[in-house]
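Thanks for coming, everyone. I would like to take a few minutes on the pockets of this protein and on one of its helix contacts, so please have the structure open as I go.

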Amino acid sequence: MLRYSANAPISWDAFMSSARGAVSASDYKLLEAVSTGSYGGISDPFLRKWADMNASVSEAVNAQRRQKLGRPSEGGAVFLGYGEEKISNAVINAKNPLEAEMLLLAYQYEWLETEKGYDPFTKAAMLAYALELRILIRKDLFTVEKGNGEYKRLFDIVQRDIRME
């Protein structure tokens, strides 16, 4: 069982290694698509729905960014569901990029929890597990220590550049 509040229990390589031979070749190909994030040409309904949800959220956030920057919208009207509108508002109003990223990851995770269904032995459940694992692995990359270290590194570069001018 995966929990958003916990760390990823295994690495992606370990997961893929254990999946090899345990799932069909076509299911393994779907897991590889999850690994690369390339869903073009994938006809699986669950992954199509996942890709559509992410595209919708991305467009909602980008539309709000364009509006805040005073740029014209690209294309026609964007019709959002309640979830997409709520998360795009939260992301745009986040205090910093890390908070925005964490909001997006939590939204994606909750979407998967809702969409995967109750039968743990379906293809949707397998794909949801893989996607949730990818989210947890990404979430685990963000730590206060690494963030402070990166901030200090960038700040030192800016200070050095200012002194040179």
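**Two pockets and a helix pair**

The largest share of the lining of the second largest pocket comes from H5, which supplies five residues. I should say at once that this is a predicted model, so please take what follows as a description of that model.

Staying with the second largest pocket, it holds about 330 Å³ of space, and of the 18 residues that line it, those closest to its centre are Trp50, Asn54, Leu105, Gln108 and Ile135. Besides H5, the elements that give two or more residues to this lining are helix H2 (25-36), helix H3 (45-69) and H6, and by class the lining has nine nonpolar, six polar and three charged residues.

Turning to the largest pocket, about 490 Å³ of space lies in it, and among its 24 lining residues Lys116, Pro120, Ala125, Met126 and Tyr129 are the closest to the centre. Here H6 gives the most to the lining, with five residues, while the lining as a whole divides into 16 nonpolar, three polar and five charged residues.

Finally, H5 (residues 97-115) also packs against helix H4 (residues 82-92), at an angle of about 160° and with the axes 9 Å apart; the two are therefore roughly antiparallel to each other, and their crossing is right-handed. On the H4 side the contact involves Gly83, Glu84, Ile87, Ala90 and Val91, which meet Ala100, Leu103, Leu104 and Tyr107 in H5, and these contact residues divide into seven nonpolar, one polar and one charged.

Terms used. Residues numbered from 1 in each chain as written. Predicted model: local features only at pLDDT ≥ 70, side-chain atom pairs only at ≥ 80, totals over all residues. Heavy atoms only, no water. Axes fitted to C-alpha atoms, helices over the stretch in contact; angles between N-to-C directions. Helix = DSSP H or I, 4+ residues; strand = E, 2+ residues; numbered from the N terminus. Parallel < 35°, antiparallel > 145°, perpendicular 65-115°, else oblique. Left-handed = near helix turned anticlockwise from the far one by under 90°. Contact = heavy atoms within 4.5 Å. Nonpolar A, V, L, I, M, F, W, Y, C, P; charged D, E, K, R; others polar. 1 Å grid on protein atoms, 1.4 Å probe; cavity = no way out; pocket = protein on both sides within 12 Å on 5 of 7 lines; lining within 4 Å. Points joined across faces, edges and corners; volume = space filled by probe spheres on them.
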